[in-house]
Amino acid sequence: MKRARQPRRISKDQYYLNIAKETSRRSTCLRRHYGAVIVNNDQIVSTGYAGAPRKTANCAEIGSCIRVRLNVPKGEHYEWCRAVHAEQNAVIHAARFDMIGATLYLVGTTPDGGEVIDGAEPCRICKRMIINAGIARVVIQTGPGRYKESAVEEWVRTNLHEFRRVRGRLVPVMPRGY
């Protein structure tokens, strides 16, 4: 009797990215759906998706987004957004002790077709929260079966690219949109 061929097993990174993608389906943001999963020692510590603060109206209910109405480019004026980012929600819902050395998995998808957004990345504020949470690694889905990873220590080493050295001194780099 011939044994049936077993399908190739997905990697653990892809497994957790798939969970993050499913989590993104709960997002109430009209621009992008994001889902995040924090994993430590092969255990899910927390999940989060982009959405308005608890017990407040969200953009899906309201039917509009001020950033869309004002045609605000990606990465600019997050202070106008009603949503708490997926990464922020995942960090908020976990204890720091459980996040030290963990990996955060992040997937961004389009609201209309659920296609993975290539180039999704935590914003500057989320990166700061990820650093303070003690998370060590961030893995981001870039396409079907593809992902990239970042060592959070590299963000720390480069000061989140918010400064550059000029004649031995750190000088702030002005963010886009200002």
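This is a short talk on the pocket, salt bridges, cysteines and surface patch of one protein structure.

Good morning. Please keep in mind throughout that the model on the screen is predicted.

I shall begin with the largest pocket. Its volume is about 940 Å³. The lining consists of 33 residues, and those closest to the centre of the pocket are Gly75, Glu76, Tyr78, Cys123 and Arg124. Which helices supply at least two residues each to this lining? They are helix 4, residues 86-92, and helix 6, residues 124-133. Helix 6 gives the largest share, with four residues.

Helix 6 leads us to the salt bridges. The structure has nine of them in total, and I shall discuss a few. Arg124, one of the residues closest to the pocket centre, forms a salt bridge with Glu162, at an N to O distance of 3.5 Å. This pair connects distant parts of the chain: Arg124 belongs to helix 6, while Glu162 sits in the loop between helix 7 (152-157) and strand 6 (163-166), and the two are 38 residues apart. Are these partners buried or partly exposed? Glu162 is buried, its relative accessible area being 11%, whereas Arg124 is partly exposed at 34%. Elsewhere, salt bridges with shared partners join Asp13, Arg137 and Glu149 into one network.

Let us turn next to Glu121, which takes part in two salt bridges that I wish to show. With the side chain of Lys127, Glu121 makes a salt bridge of 2.9 Å, N to O. With Lys148, the closest N and O atoms are 3.0 Å apart. What does the pairing of Glu121 with Lys148 tie together? Glu121 lies in the loop between strand 3 (103-109) and helix 6, and Lys148 lies in strand 5 (residues 146-151), so the salt bridge ties together parts that are 27 residues apart in sequence. As for accessibility, Glu121 is partly exposed, with a relative accessible area of 35%. Lys148 is also partly exposed, at 32%. Lys127, by contrast, counts as buried at 15% relative accessibility.

I come now to the cysteines. How many disulfides does a search of the whole structure find? The search finds zero. Cys29, for instance, is in no disulfide, and the nearest cysteine sulfur, which belongs to Cys81, is 5.5 Å away. Cys29 counts as buried, with 14% relative accessibility. Why is there no bond between Cys126 and Cys123? Cys123 holds the closest cysteine sulfur to that of Cys126, but the distance is 3.7 Å and therefore too far for a bond. The cut-off behind this reasoning is 2.5 Å between the two sulfur atoms. Cys126 is buried as well, with a relative accessible area of 1%. Its neighbour in this comparison, Cys123, is already familiar to us as one of the residues closest to the centre of the largest pocket.

Finally, I should like to move to the surface. Ile66, Leu70 and Trp80 make a nonpolar surface patch of about 280 Å². Ile66 belongs to helix 3, which covers residues 66-69. The relative accessible area of Ile66 is 37%, so this residue is classed as partly exposed.

To close, I would ask you to find two places on the screen. One is Arg124, which lies among the residues closest to the pocket centre and meets Glu162 in a salt bridge. The other is Glu121, which pairs with Lys127 and with Lys148. Thank you for your attention.

Terms used
Residues are numbered from 1 along each chain as its sequence is written. This is a predicted model: local features need pLDDT of at least 70, side-chain atom pairs count only at pLDDT 80 or more; totals for chains, interfaces and linings use all residues. Side-chain values use heavy atoms; hydrogens and water are left out. Patches are made of residues with over 30% relative accessible area and no salt bridge: like charges are joined within 9 Å, nonpolar side chains (Val, Leu, Ile, Met, Phe, Trp, Tyr) within 5 Å. Accessible areas come from the Shrake-Rupley method with a 1.4 Å probe; for residues, only the protein chains shown count as cover. A salt bridge is a side-chain nitrogen of Lys or Arg within 4 Å of a carboxyl oxygen of Asp or Glu. Buried means under 20% relative accessible area, exposed over 50%, partly exposed in between (1.4 Å probe, protein chains only). On a 1 Å grid over the protein atoms alone, a cavity is a set of points where a 1.4 Å probe fits but cannot get out, and a pocket is an open set with protein on both sides within 12 Å along at least five of seven lines; lining residues have an atom within 4 Å of a point. Grid points are joined across faces, edges and corners, and a volume is the space filled by probe spheres set on the points.
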